[in-house]
Structures are given as structure tokens and as C-alpha cells.
Amino acid sequence: MYKLWEFYRDKSFMLKITVGFVLGVLVGLIFGPSAQVLSPLGDLLLRLLNMIIVPLILFTLIAAVNNTNSKKLGKIGGKIFVYYILTTAVAIVIGLLLAMLVNPGLGLALPQENVEVPEAPTFIQVLLEIVPTNIFEAMVNADILGIIFVAIIIGVTISSLRHASETKLNDWGNTLLKITDAGSEVVFRILNGVLQYAPIGVFAIGASAIGGQGLDALASLAKLTGVVYVAVAVQFIVVYMLLLRVFKVPIIPFFKNVSEAISTAFMTSSSLGTLPITIKSAKKAGIGDDVSSFTLPVGATVNMDGAAIRLGVSAIFAANIIGLDLSFSALFGIVLTGTLASIGTAGVPGAGLIALSIVLTQAGLPIEVVALVAGVDVVLGMIATACNVTGDLVGAAIVDKSEKKNVSGVQRYTQEEAM
């Protein structure tokens, strides 16, 4: 029995989640509505995902703030962080717009689920609810925007303590960061356990969904996948290539030099796992070590443009399933939450499902959609990770270019002054 568990445990997450979904589809097609007897196993996966959301947001965002807001980062840190925020926000907007154009999910219903269409909050309510009146109440009620706000505030405060001039405050800040790191490790160990169960949960809900709805569900998922791939292509052309052109970075040589990192990211679905090759590719592309040594490791953790696209498309997918027309304020909330959730998502396979849970919960959309999207998570994860790594490299390239331009400008000014 242990050898069987060892065999299962050592297989890649990508393989397990794919096999789980394919088997679920087959069981659903063979047994039809009878396959819905497996739905409790899928419900368990949803409960486990819900259980981990709050601590995951707290610890990962606190750590992310401390990794990106140190005073030592100077101009490079400021530039790259602004780049991460803007490109991630643009990515999720692209995903939303394309999804609203194609409307994946229409005609698909959740299995055994009577979903009430939630009331869309006003724009003012979205802004006010960012600040919770009670921290603990926000955690109990899974007030995602409130939790994100609290995590950022705590992270900024810990960072200020760590860089304080007083030794006592500095020690307290470092101690709190160590506690945060320890808590983050605990959460990710729990998450690893959840992800070991995820293929079983995906199998169960896949069988239940396909058994109740047949090939209609597969057609909707195919449309969802297509929209994500097209959105990533738009992100490459409209955002990355445009930025490279604006900052006068040669586009074709750049992509030729970093192609190895992009292809590795596509095959492994892991930004962190690709990091050594990403750094090597950055050096090949002529990006300075002073920029790449900071921006690429941080980017592999917090810059998730591909994940943001998936979140935007999946949110519209979920809204279409329950027949909800999202208002501007609801879309704004999705963009804001999706941007912050993407930044707090670790660059490892499977974590995108957690970020999607966060966005759906905030928007009042059915979290059961996570199980359906998880069925094609492998295919989506491949292109999303390639997009993430490309975004990291483009950010490093344009920051490096701007820094070199500033240095050459100072040198020219000094020479003219000397003359």
C-alpha cells in the first residue's frame, strides 16, 4: 500500500490532475447522471480550498510586500513594482474583455446546484469594503478585499520596523518576518497536501459535471481554453512588444535570447522552477546582473500576468454559468482583487486554483467553477506560466534599459559640464 502511495506522490501535479480530469470525463460519459454520486468527493476539495484561502493571503502578501518594498531596492525596486502592478492589471482587463466578447460558459450549469444570482455592489461599496471595520470579522467572513488590505498594511509596517534605525525595532521587525516566513511554510505544506488530493476532487466533480451535462461541458471548457490562449497572445503583442519597442529594446533578438526560458516555463508550468534558466537567458539578452538578480527572483514569485488573464476569463466564465451580468463596479472589484491575488500567488503548479478561489469568493461567484477550470488547469497553466516568465524578462529588460539610459545621460552631462 505504501509503495502505491509513493508511486502516486512522486508523480507530477500536471500528470495527476490531467489523469484525474480525463478519468472523470470518461466516467461521466459512461455512467451519465449516476456519476453524480461522486460529488461529495468534489465538495471536499472545495472545502479544503476555502479553508486555506485566508492564511494563504495573509502570509504570502505580507512576505511579498517585504520582498518588494525594502529601501535598499531604490529606483529599480520602485520601477519594477509599478511595472508588475500595471501589466498584471492590463492582463486581467484583456482577459475580461475577450471573455465578454466570446462568452465562454453560456449554457453550462453547475451540477446539483441552485445558484442565486448575487446582487452586484455599487462602485462606492467596493471602495469602502476594501477597509474592514473588524479584522477578525473580515477573516471569518472571508472578506477577501479586506484581508488583502490588512495583509498589505501589516507587510508595510513590518518592513518599516525591519529598516528602522533603532536596534530594538529592527529586531522586532526581523522576528515578525521570521514568524511570517514560518507561517507561510506551514500554509504551503498544507497546500501541498491539498494538491495531493486535488486530482481526486477534480475527478469527482468532472465526472459529476460531465455525467449530468454530457459534451456541453467539454465544449464550454474548450472555449474557455481558447480565450485564455488568445488573451495571452494579445498580452505578448499589445503589452510586451509595445513596451520593448518604446524602450528601444530590439524585439526579435530579445525573444531569440530568452526563448529557452519561455519554452521551459511552458513545459514545466513553474516560474520558480524555471528561474535558473530565466536568469541565464537574461544574461544572454544583455540584462545587467544588478537588475536581473533582484527583479527575476521577485518576479517569479509576485508577477503573474498569465495567472491574471486566467482569473479574468474564469470570472466571466463563472458569471455566464449563473446568468449574471457583471456591473462596472463588480468588474472593478475583479480587476483589483485579481491583480492583488496574482501578486500573492506563488509561482508553483496548482496555486492558480487558489487565486481563482479568491477572486470568485470576492465577486460572489460560485466557487464550484474552480473544479471545472481545474480540469483544464494543466493546459491553462502551461501558457500562463510562459506568459509570467516572459513578463518577468520584459520587465527586467526595460528597467535595465532605463537605468543604462540614466547612467549614460549623467555621463554626458558630466562631460559637457567639464568642457
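Me: What does Phe-254 touch in this predicted model, leaving out residues up to four places away in sequence?
Reply: In this predicted model, Phe-254 touches Leu-244, Val-249, Ala-285, Leu-393, Val-394 and Ala-397, with residues up to four places away in sequence left out of the list. Phe-254 is also among the residues with the most contacts inside the largest nonpolar core, which has 86 residues, and Leu-244 and Leu-393 are named there as well. The largest share of that core, 11 residues, is supplied by helix α17, residues 377-418. A second core, separate from this one, has 13 residues, including Leu-58, Ile-148, Ala-151 and Ile-158.

Me: What makes the pair of Phe-236 and Phe-255 stacked?
Reply: Two rings pair if their centres lie within 6.5 Å, and planes under 30 degrees apart count as stacked. The centres of Phe-236 and Phe-255 are 6.3 Å apart and their planes meet at 25°, so both conditions are satisfied and the pair is stacked. A search of the whole structure finds four aromatic pairs, and ring pairs link Phe-236, Tyr-240, Phe-254 and Phe-255 into a cluster.

Me: Why can this pair be said to tie together parts that are 19 residues apart in sequence?
Reply: Phe-236 belongs to helix α9 (residues 215-246) whereas Phe-255 belongs to helix α10 (residues 251-268), so the contact between their rings ties together parts that are 19 residues apart in sequence.

Me: How do you know whether Phe-236 and Phe-255 are buried or exposed?
Reply: The cut-off for buried is under 20% relative accessible area. Phe-236 has 17% relative accessibility and therefore counts as buried, and Phe-255, at 15%, counts as buried because it too falls under that cut-off.

Me: How do you know that Asp-392 has no salt bridge?
Reply: A salt bridge needs a side-chain nitrogen of Lys or Arg within 4 Å of a carboxyl oxygen of Asp or Glu. For Asp-392, which is buried, the nearest side chain of opposite charge is Arg-310, and that lies 14 Å away; set against the 4 Å cut-off, this therefore leaves Asp-392 without a salt bridge.

Me: What joins the side chains of Asp-392 and Asn-303?
Reply: The two side chains are joined by a polar contact of 2.8 Å, a value that falls within the 3.5 Å limit for such a contact. Asp-392 lies in helix α17, and, not counting residues up to four places away in sequence, it touches Tyr-84, Leu-296, Gly-299, Ala-300 and Asn-303.

Me: What makes the phi of Asn-103 worth a remark, and where is Asn-103 found?
Reply: Most residues other than glycine have a negative phi. Asn-103 is not a glycine, yet its phi is positive, at about 60°, and Asn-103 is found in the loop between α4 (74-102) and α5 (123-128). Lys-248, in the loop between α9 and α10, likewise has a positive phi, near 60°, and is a residue other than glycine.

Me: Why is Lys-248 called exposed, whereas Asn-103 is called partly exposed?
Reply: Exposed means over 50% relative accessible area, and partly exposed covers the range between that and the 20% cut-off for buried. Lys-248 has 66% relative accessibility and therefore counts as exposed, while Asn-103, at 25%, falls in the range between and so counts as partly exposed.

Notes: Residues are numbered from 1 along each chain as its sequence is written. This is a predicted model: local features need pLDDT of at least 70, side-chain atom pairs count only at pLDDT 80 or more; totals for chains, interfaces and linings use all residues. Side-chain values use heavy atoms; hydrogens and water are left out. A nonpolar core is a set of buried Ala, Val, Leu, Ile, Met, Phe, Trp, Tyr and Cys residues joined through side-chain atoms within 4.5 Å. Buried means under 20% relative accessible area, exposed over 50%, partly exposed in between (1.4 Å probe, protein chains only). Helices (H or I, at least four residues) and strands (E, at least two) are DSSP runs, numbered from the N terminus. Contact means heavy atoms within 4.5 Å. Rings of Phe, Tyr and Trp (its six-membered ring) pair if their centres lie within 6.5 Å; planes under 30 degrees apart count as stacked, over 60 as edge-to-face and the rest as tilted. Lys and Arg count as positive and Asp and Glu as negative; His and the chain ends are not counted. A polar contact is a pair of N or O atoms within 3.5 Å; within protein, one must be able to donate a hydrogen and the other to accept it, and residues adjacent in sequence count only if both atoms are side-chain atoms.
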